[in-house]
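User: I would like to go through this fold step by step. Please explain how you reach each answer.

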Amino acid sequence: MENLEELLVLGCGHATVTKCYNTCFAILDREREEAFLVDAGGGNGILRALREAGLPITRIHHFFITHSHTDHVLGAVWIIRDIGSKMRDGSYEGDLHIYCHAVLEQTVRALCMLTLQKKLLDFFGRRILFHRVEDGTCHQILGWRIHFFDILSTKERQYAFWMELLSGRRLIFFGDEPCHPDRKALMEDADWALCEAFCLYGERDRFRPYKKHHSTVLDACAFAEEARVKNLVLWHTEDTHIGEASGPGRVVRYLEEGRRAYHGSLYIPEDLERIAL
Ligand SMILES: [Zn+2]
């Protein structure tokens, strides 16, 4: 059977990467030709990523923002700016639905208020609509029921989600921190898990992931193995091995380490990669 959904990776890097974009992605509903956008990276690069991916912004009506860190939320201003402009000139049909927690809504509104023209802000509450996300909130988005949950971050309030794909397979996305032990049950037996891995375990002394509440490829893989996850996608990584002159590169290095601990299908995507779900 042909896959009905596709994961479009718009960025695979952590906050300060320069060789790729910050981690953000879209889940494409191929039947509706619509996308559910999750985070937008740290700036105008989101517009470039969408263009290079061949995803017109007019196909995005549902947008979830996980938390208020720069590498996730500042691109939201650009999404709102571009969609607002298209609403004005008549080239964007329908409304933009933004899903986030209450405090984050205030942050996004404030950022927009400070940086966007009033004629765009006029769409707030009329065609740019916020939907509150709390722990256990479920929203119908395109063809899916999306179940949002608090990842229990101690750094900054952050939400993630799980969903049932049209095939019946279950996908879970964990945001940009390792799965909290109290959330492990959500991960168990997932068909797809989308998780962060900051760097190789073998390079933990160089990148110090634990200090930043991040984990390594080996850690994330061991956790997924224990939870019997079938397909694991790792991102939000460092970028020093991307395009390196000496050495096999990020993907090969990460796959090699990950496969020591994990026996399901492991994906280390690069920017603009598409994965059939
Ligand atoms: Zn991040």
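User: In what order do the seven strands of the open sheet stand, and which strands are at its edges?
Analyst: This is a predicted model, and in it seven strands form an open sheet with mixed pairing. The order is S6-S5-S4-S3-S2-S1-S14. An edge strand has a single partner, so one of its sides has no neighbour in the sheet. The strands in that position are S6 (128–132) and S14 (274–276).

User: By how many degrees are neighbouring strands of this sheet turned against each other on average?
Analyst: The angle is taken between neighbouring strands of the sheet, and their direction is ignored. On average it comes to 20 degrees.

User: Are the faces of strand S2 covered or open, and which residues lie on each?
Analyst: Strand S2 covers residues 24–29, and six of its six residues are buried. In a regular strand the side chains alternate between the two faces of the sheet. Both faces of S2 are covered, with buried residues on each: Cys24, Ala26 and Leu28 on one side, and Phe25, Ile27 and Asp29 on the other.

User: Which strands pair with S2, and in which sense?
Analyst: Strand S1 (residues 5–11) is joined to S2 by six bridges, and there Val9 stands opposite Phe25. Between S2 and strand S3 (residues 34–38) there are five bridges, with Leu28 and Ala35 as bridge partners. S1 and S2 run antiparallel, and the pairing of S2 with S3 is also antiparallel.

User: Which residue in the hairpin of S2 and S3 takes a positive phi?
Analyst: Four residues lie between the two strands of this hairpin. A positive phi near 55 degrees is found at Glu33.

User: In which sense do S4 and S5 pair, and which residue stands opposite Phe64?
Analyst: Strand S4 (residues 60–64) and strand S5 (residues 96–100) share three bridges, and their pairing is parallel. Opposite Phe64, in S5, stands Tyr99.

User: At what angle do helices H2 and H3 pack, and what is that arrangement called?
Analyst: H2 (residues 70–89) and H3 (residues 102–115) have axes 10 Å apart. Val73, Ala76, Val77 and Ile80 in H2 meet residues of H3, among them Val108 and Leu111. H2 passes H3 in a right-handed crossing. The angle is about 60 degrees, and the two helices are therefore oblique to each other.

User: Why is strand S9 described as largely enclosed?
Analyst: Strand S9 holds residues 159–164. It is largely enclosed by the rest of the structure because the number of its six residues that are buried is five.

User: How many bridges join S9 to S8, and how many join S9 to S10?
Analyst: S8 (residues 144–150) runs antiparallel to S9, and His147 stands opposite Trp162. S10 (residues 170–173) is also antiparallel to S9, with Met163 and Leu171 as bridge partners. S9 and S10 form a hairpin with five residues between them, where Gly168 has a positive phi of about 95 degrees. The bridges number five between S8 and S9, and between S9 and S10 four.

User: Why do the buried residues of helix H8 lie on the same side, and what covers them?
Analyst: The buried residues of H8 (residues 250–258) are Arg250, Tyr254, Glu257 and Gly258. They lie on the same side of H8 because their arc around the axis is only 95 degrees. An α-helix has 3.6 residues a turn, so residues three or four places apart point the same way. The elements covering the buried residues of H8 include helix H7 (217–226), strand S12 (231–235) and strand S13 (265–267).

Key. Residues are numbered from 1 along each chain as its sequence is written. This is a predicted model: local features need pLDDT of at least 70, side-chain atom pairs count only at pLDDT 80 or more; totals for chains, interfaces and linings use all residues. A residue is buried if 20 or more other C-beta atoms lie within 10 Å of its own, exposed if 12 or fewer, and partly exposed in between; C-beta atoms are placed from the backbone. The arc is that of the directions from the helix axis to the C-beta atoms. Two residues are in contact if their C-beta atoms, placed from the backbone, lie within 7 Å. Two strands pair if DSSP finds at least two bridges between them. Axes are lines fitted to C-alpha atoms, for helices over the stretch in contact, and angles run from 0 to 180 degrees between N-to-C directions. Angles under 35 degrees count as roughly parallel, over 145 as roughly antiparallel, 65 to 115 as roughly perpendicular and the rest as oblique. A crossing is left-handed if the near helix is turned anticlockwise from the far one by less than a right angle, and right-handed if clockwise.
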